[in-house]
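Subject: Model for your files

Hello,

Here is the structure for you to look over. My notes on it follow below.

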Amino acid sequence: MNAELLLTFTLGCDRAYLYAHPERELTADEFTRYEAALNERARGVPAQYITGHQEFWGMDLIVSPAVLIPRPETEHVIEAVLGLTRNFGGGQECPPHTMRIVDVGTGSGCIALALAKELPLAEIHATDVSSAALEIARANAARHQLEKRIQFHETDLLKGLGGGFDLVVSNPPYVGESEADQVQLEVRKFEPRNAVFAGPTGIEVIARVIPQALMALKPGGWLVFEISGTIANSVRELLRGWDEVGITPDLQSIPRVARARKPA
Ligand SMILES: C[S@@+](CC[C@H](N)C(=O)[O-])C[C@H]1O[C@@H](n2cnc3c(N)ncnc32)[C@H](O)[C@@H]1O
């Protein structure tokens, strides 16, 4: 599968072309480039960092080792947000054109871009501490003609963004260094440490996001974020005092998306 993907990448073609042209031989240059890609993969580099692409929410995104490779599970975060925005304020208090959303730790920009695409009238902000990640996120926004829709901020979580948000969304780092040996070697070796690990237990970044989101949200606004099963109980504890707290599972029945509403 990887060999096939890397071959389509080398030839700049799709799978259908490979199957339609079994007789096609590689030129010397193509062979050298294909061999280099295979060698990278053999040393564990994720295929997405070799090809520079990953699909998310039907969009082809650029990725580099500066950003986490967007995961299919994170699409559950988008579904949760869209489910909430559909009913937001009963469509009265907050019609979509006034909805203000911020994506904390945007990485490749996948969440901000998907929401910009789905909510054409919303005002969308995206933050990250990594300038290299923001560069990729901006490139992705431009690639999908969404650059005017998203305001990017290089900052720590929500610092400097002020208040008045209807929705804070995030896929924060949530793996604990104590569980590093359960994380795939490829992830540990090649994905940005700052994107994966939160601190010793995994809850450290979320523990800072929650009170900051409380300040940034309007009364009745929503916080939606990705979690893992390991931290689900700690997350519930940290969300004490919020309304309508819920955690929904992913397709593997692992607790994956937490949501909570700032009391009105
Ligand atoms: C798990 S990745 C998620 C990236 C992207 N949102 C996604 O879903 O694929 C977490 C992101 O948070 C960023 N990050 C880590 N600590 C941060 C902080 N204190 N403030 C802002 N961003 C932070 C990392 O640089 C990384 O891009």
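Gln145 counts as exposed because its relative accessibility is 63% (exposed is over 50% relative accessible area, buried under 20% and partly exposed in between, with a 1.4 Å probe and protein chains only). Gln145 sits in the loop that runs between α7 (131-143) and β5 (150-154); helices (H or I, at least four residues) and strands (E, at least two) are DSSP runs, numbered from the N terminus. The phi of Gln145 is positive, near 55 degrees, and the residue is not a glycine. Most residues other than glycine have a negative phi.

This is a predicted model, in which local features need pLDDT of at least 70 and side-chain atom pairs count only at pLDDT 80 or more, while totals for chains, interfaces and linings use all residues. Residues are numbered from 1 along each chain as its sequence is written, and side-chain values use heavy atoms, with hydrogens and water left out.

Ser253 is another non-glycine residue with a positive phi, near 65 degrees. Its loop lies between β10 (243-249) and β11 (255-261). Ser253 counts as exposed because its relative accessible area is 60%.

Trp57 also has a positive phi, near 50 degrees, in the hairpin of β1 and β2, where two residues lie between the strands. β1 (residues 53-56) and β2 (residues 59-62) pair in the antiparallel sense over four bridges (pairing requires at least two DSSP bridges between two strands). Opposite His53 stands Ile62 of β2. The side chains of β1 alternate: Gln54 and Phe56 are buried and point to one face, whereas His53 and Glu55 point to the other and are not buried.

At the N terminus, helix α1 (residues 2-11) has Glu4, Leu6, Leu7, Thr8, Thr10 and Leu11 buried. The buried residues of α1 pack against α2 (15-20), α3 (28-42) and α4 (47-51), where contact means heavy atoms within 4.5 Å. After α1 comes Gly12, with a positive phi near 65 degrees.

Now the ligand. There are 20 residues around the ligand, and Gly105, Asp128, Asp156, Leu157 and Asn171 come nearest (a residue is near if one of its heavy atoms lies within 4 Å). By class the shell holds nine nonpolar, eight polar and three charged residues; Ala, Val, Leu, Ile, Met, Phe, Trp, Tyr, Cys and Pro count as nonpolar, Asp, Glu, Lys and Arg as charged, and the others, Gly among them, as polar.

Three polar contacts involve the backbone (N or O atoms within 3.5 Å; within protein, one must be able to donate a hydrogen and the other to accept it, and residues adjacent in sequence count only if both atoms are side-chain atoms). A backbone N or O atom of Leu157 is 2.7 Å from a ligand nitrogen, a polar backbone atom of Val129 is 3.3 Å from a ligand nitrogen, and a backbone N or O atom of Gly107 is 3.5 Å from a ligand oxygen. On its own the ligand has 600 Å² of accessible area, of which the protein covers 95% (Shrake-Rupley method, 1.4 Å probe; for residues, only the protein chains shown count as cover). α6 (110-118) and α9 (193-196) are the elements that give two or more residues to the shell.

Finally, Ser170 lies in strand β6 (residues 165-170) and counts as buried because its relative accessibility is 1%. A polar side-chain atom of Ser170 lies 2.8 Å from the backbone oxygen of Val104.

Regards
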